[in-house]
Amino acid sequence: MTLGSLGNGSKCSLHEPMYLFLSMLALIDLGLPLCTLPTVLGIFWVGAREISHDACFAQLFFIHCLSFLESSVLLSMAFDRFVAICCPLQDASILTNTVICRIGLISLGRSVALIFPLPFMLKRFTYCGSPVLSHSYCLHQEVMKLTCANMKANSIYGMFVVVSTVRIDSLLILLSYALILHTVLAERLKALNTCVSHICAVLLFYTPMIGLSVIHRFGKQAPTLIQVVMDFTYLLFPPVMNPIVYSVKTKQIRDRVTHAFCY
């Protein structure tokens, strides 16, 4: 009787806004490795090191689109934490399922709209440089190095995309946590513990991304091995660590996992 009640209660709690955003994050974390899986397996299993231009452009579209979509979801989760802590009585009325669905669609639309021009901008160039990428998947900043044309427009647009997504999202996340910290210190210090998992997810996502961006723009003399390690860290480290962080730090998820494997 008690176990049944616990299971039902946990099931309902996992439909709260935080867990709906968490499910979006999980899908993105699953999608990013899947985007690189065909080329990585092709290299290590059958030695297939060639990729067509169209396939490369499609791969970089999905990789960048999912990366910026993850940034949007992390911002949405920060907003959810802000509402839950600073406006607890209005939480259910502000973040309804309809609102969450709209936030997800807007985030997806923003990512697709910003990344959609990149493959077409790259396709119009001729590639006369060494046709060898430094790692096993395609990125916009890496493909640009293979052209002999003037890539100033692509560089400016790429910087605009980064600033309008990652930089703005990270600033808004910092702002939300500044407001949360002000509320917590003034009223309830214990509520800060609910944000630890999200803070870890933010650090896991933005630290490799910023490091990769710095290396590609300012560390051109860095060894290829460092670039390869940073590239794989940027794509694979957050998807591996996010489930661990949330499973350890979130009691409801931890109880569900324990209940699933122990009973």
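1. Let me start with contact range. In this predicted model, residues 24 or more positions apart account for 78% of the contacts in the chain with a separation of 6 or more. The chain has 263 residues, and 43% of them count as buried.

2. On secondary structure, the chain holds 11 helices and 0 strands. Read from the N terminus on, the elements run α-α-α-α-α-α-α-α-α-α-α.

3. Now to the core. The largest nonpolar core has 50 residues, and L74 and M77 are the members that touch the most others. At least two residues of this core come from each of α2, α3 (53-86), α5, α6 (117-123), α8 (152-186), α9 (196-218) and α10 (224-249). Helix α3 gives the most, with 12 residues.

4. Next, the helix pairs, for which a word on description may help: two packed helices are described by the angle between their axes and the distance between the axes. For helix α2 (residues 17-46) and helix α5 (residues 97-115), the axes come within 11 Å and cross at roughly 25 degrees. Angles under 35 degrees count as roughly parallel, so α2 and α5 are roughly parallel to each other. The crossing in which α2 passes α5 is right-handed.

5. If you would like to look at that contact in atomic detail, P17, L20, F21 and M24 are the α2 residues, and they meet N97, I100, I103 and G104 in α5. By class, the residues of this contact divide into 6 nonpolar, 2 polar and no charged.

6. Helix α2 also packs with α10, at an angle of about 145 degrees and with the axes 10 Å apart. This crossing is left-handed. From α2 come M18, L22, L25, D29, L32, P33, T36 and V40, which meet F232, L235, L236, P238, P239, N242 and Y246 in α10. The residues of the contact of α2 with α10 divide into 12 nonpolar, 2 polar and 1 charged.

7. A serine worth a look is S76, placed in helix α3. Is S76 buried or exposed? Its relative accessibility is 8%, and buried means under 20%, so S76 counts as buried. Leaving aside neighbours within four places in sequence, S76 is in contact with F21, I103 and S107. Two of these names will be familiar from point 5: F21 in α2 and I103 in α5 belong to the contact between those helices.

8. Helix α7 (residues 140-144) holds M144, and H140 is placed in α7 as well. For H140, the relative accessibility is 5%, so H140 counts as buried. Which residues does H140 contact, leaving aside neighbours within four places in sequence? They are L60, H64, L118, L122 and N154.

9. As for M144, the relative accessibility is 15%, and this residue therefore counts as buried. Not counting residues up to four places away in sequence, M144 touches L122, M151, N154 and S155. Both L122 and N154 are contacts of H140 and of M144. For a distance to check in your viewer, the C-alpha atoms of M144 and Y127 are separated by 9.1 Å, with the two residues 17 apart along the chain.

Technical notes:
Residues numbered from 1 in each chain as written. Predicted model: local features only at pLDDT ≥ 70, side-chain atom pairs only at ≥ 80, totals over all residues. Heavy atoms only, no water. Axes fitted to C-alpha atoms, helices over the stretch in contact; angles between N-to-C directions. Helix = DSSP H or I, 4+ residues; strand = E, 2+ residues; numbered from the N terminus. Parallel < 35°, antiparallel > 145°, perpendicular 65-115°, else oblique. Left-handed = near helix turned anticlockwise from the far one by under 90°. Contact = heavy atoms within 4.5 Å. Nonpolar A, V, L, I, M, F, W, Y, C, P; charged D, E, K, R; others polar. Core = buried A, V, L, I, M, F, W, Y, C linked by side-chain atoms within 4.5 Å. Buried < 20%, exposed > 50% of the residue type's maximum accessible area, 1.4 Å probe, protein only.
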